[in-house]
Amino acid sequence: MTAPDSTAAVVRLDIPGGHEVTHRDVAANGARFHTAEMGDGPLVLLLHGFPQFWWTWRYQLPALADAGFRAVAMDLRGVGGSDRTPRGYDPANLALDITGVIRSLGEPDAALVGHDLGGYLAWTAAVMRPKLVRRLVVSSMPHPRRWRAAMLADVRRSSHIWSFQRPWLPERRLTADDAALVGRMIRDWSGPRLPEDETIEVYQRAMAIPSTAHCSIEPYRWMVRSMARPDGIQFNRRMKLPVRVPTLHLHGSLDPVMRTRSAAGSGEYVEAPYRWRLFDGLGHWPHEEDPAAFSTELINWLKDPEPDR
């Protein structure tokens, strides 16, 4: 494993604009999680997706802090500066990581903001531990039951997930040539506003930390391989329980990974105010492709005392 100081140099980064971020380690659910924090006020916990880490929220952290929130971005289990455990990558356990971090931060609840895999886990946490989730914001990810149906119906768009099911080869591909595949994925899944080369390099360096590629893939292996197993069937049934917290659902109109119609149908699983917002001309990373528009939508909704359906 990479030495702790070496990992810290890759993960404990500054963010644009000279804003000061507080990095800390938090114990929860039998593991240690790295967090980056700014601001004071009600907790907003930000959950990254694949193949990224906490730094993907570098624009939202200061925006939320300036708006009067305690903004915390965490690295999921096995990624960034968090522990790389040998097991525990099923979505139910990963969701307990998230709710455990809320408690370890000393807060009674949080507004969860999740993108991609982080969005999948945010949906899950809102069902499993509703008392700890004040509000829910999901970007670029449908409800887990909609995701399952979409993946089975559109194999082409889900080809990267199916390719992850092979042993060891996906890890080698992710880390080959200084994690060049990570850069291709981020560019290919973007809309017209492509990320800068320096941004891509940050994500490539984070993926190259030993064991990160394997741990990043494990949740997707569970999602596919468990479909016919009792644990997967039980999880899918559990996700029939409605989300009962106000929910904001964000999506890029040009997202090549997940169809808009697949994501938009997630509202049927929400028995609370639900708002759908489509960003025209953006791809799979709306919070990075147009951070000002994303942050404005997010903050206005978080501050709305009565979010409408």
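**Notebook: aromatic pairs, core and helix H3**

I began with two aromatic residues and found that tyrosine 120 and phenylalanine 235 are both buried. The model I am reading is a predicted one.

**Entry 1. Aromatic pairs.** I searched the whole structure for ring pairs and obtained 12 aromatic pairs. Tyrosine 120 and phenylalanine 235 make up one of these, a stacked pair with 6.3 Å centre to centre and 20° between the planes. I then looked up where the two rings sit: tyrosine 120 belongs to helix H4 and phenylalanine 235 to helix H10 (residues 230–238), so the pair ties together parts that are 115 residues apart in sequence.

I next examined tryptophan 189 and tryptophan 285, which also form a stacked aromatic pair, at 5.9 Å centre to centre and 20° between the planes. This pair links distant parts of the chain, 96 residues apart. I located tryptophan 189 in the loop between helix H7 (169–188) and helix H8 (197–207), and tryptophan 285 in the loop between strand S8 (274–279) and helix H12 (286–289). I checked burial against the cut-off of under 20% relative accessible area. Tryptophan 189 has 11% and is therefore buried; tryptophan 285, at 2%, also counts as buried.

I also noted one aromatic cluster, formed by Phe53, Trp54, Trp55 and Tyr203.

**Entry 2. Charges over rings.** Within that cluster I looked at tryptophan 55. The charged end of arginine 58 sits over its ring, 3.9 Å from the centre. I recorded a further case in which arginine 135 lies over the face of tryptophan 301, at 5.0 Å from the ring centre.

**Entry 3. The nonpolar core.** I looked up the largest nonpolar core and found that it has 104 residues. Those with the most contacts inside it are Leu45, Phe53, Trp54, Leu64, Leu112 and Leu136. Helix H4 (residues 117–128) gives the most to this core, with 9 residues. I then listed the contacts of leucine 112, leaving aside neighbours within four places in sequence. Among them are Leu45, Leu47, Ile98, Ile102, Ala122, Ala125 and Leu136, together with Arg135.

**Entry 4. Helix H3.** Which residues of H3 are buried? I found Pro91, Ala92, Asn93, Leu94, Ala95, Asp97, Ile98, Thr99, Gly100, Val101 and Ile102 to be buried. The helix is thus mostly covered, with 11 of its 14 residues buried. I compared its length with expectation: at 1.5 Å a residue, H3 (residues 91–104) should span 20 Å, and its end C-alpha atoms are 20 Å apart, which agrees. Just after H3, I noted that glycine 106 takes a positive phi of about 80°.

Methods: Residues numbered from 1 in each chain as written. Predicted model: local features only at pLDDT ≥ 70, side-chain atom pairs only at ≥ 80, totals over all residues. Heavy atoms only, no water. Core = buried A, V, L, I, M, F, W, Y, C linked by side-chain atoms within 4.5 Å. Buried < 20%, exposed > 50% of the residue type's maximum accessible area, 1.4 Å probe, protein only. Helix = DSSP H or I, 4+ residues; strand = E, 2+ residues; numbered from the N terminus. Contact = heavy atoms within 4.5 Å. Phe/Tyr/Trp six-rings, centres within 6.5 Å; stacked < 30°, edge-to-face > 60°. Lys NZ or Arg CZ within 6 Å of the ring centre and 35° of its normal. Expected span 1.5 Å × (residues − 1).
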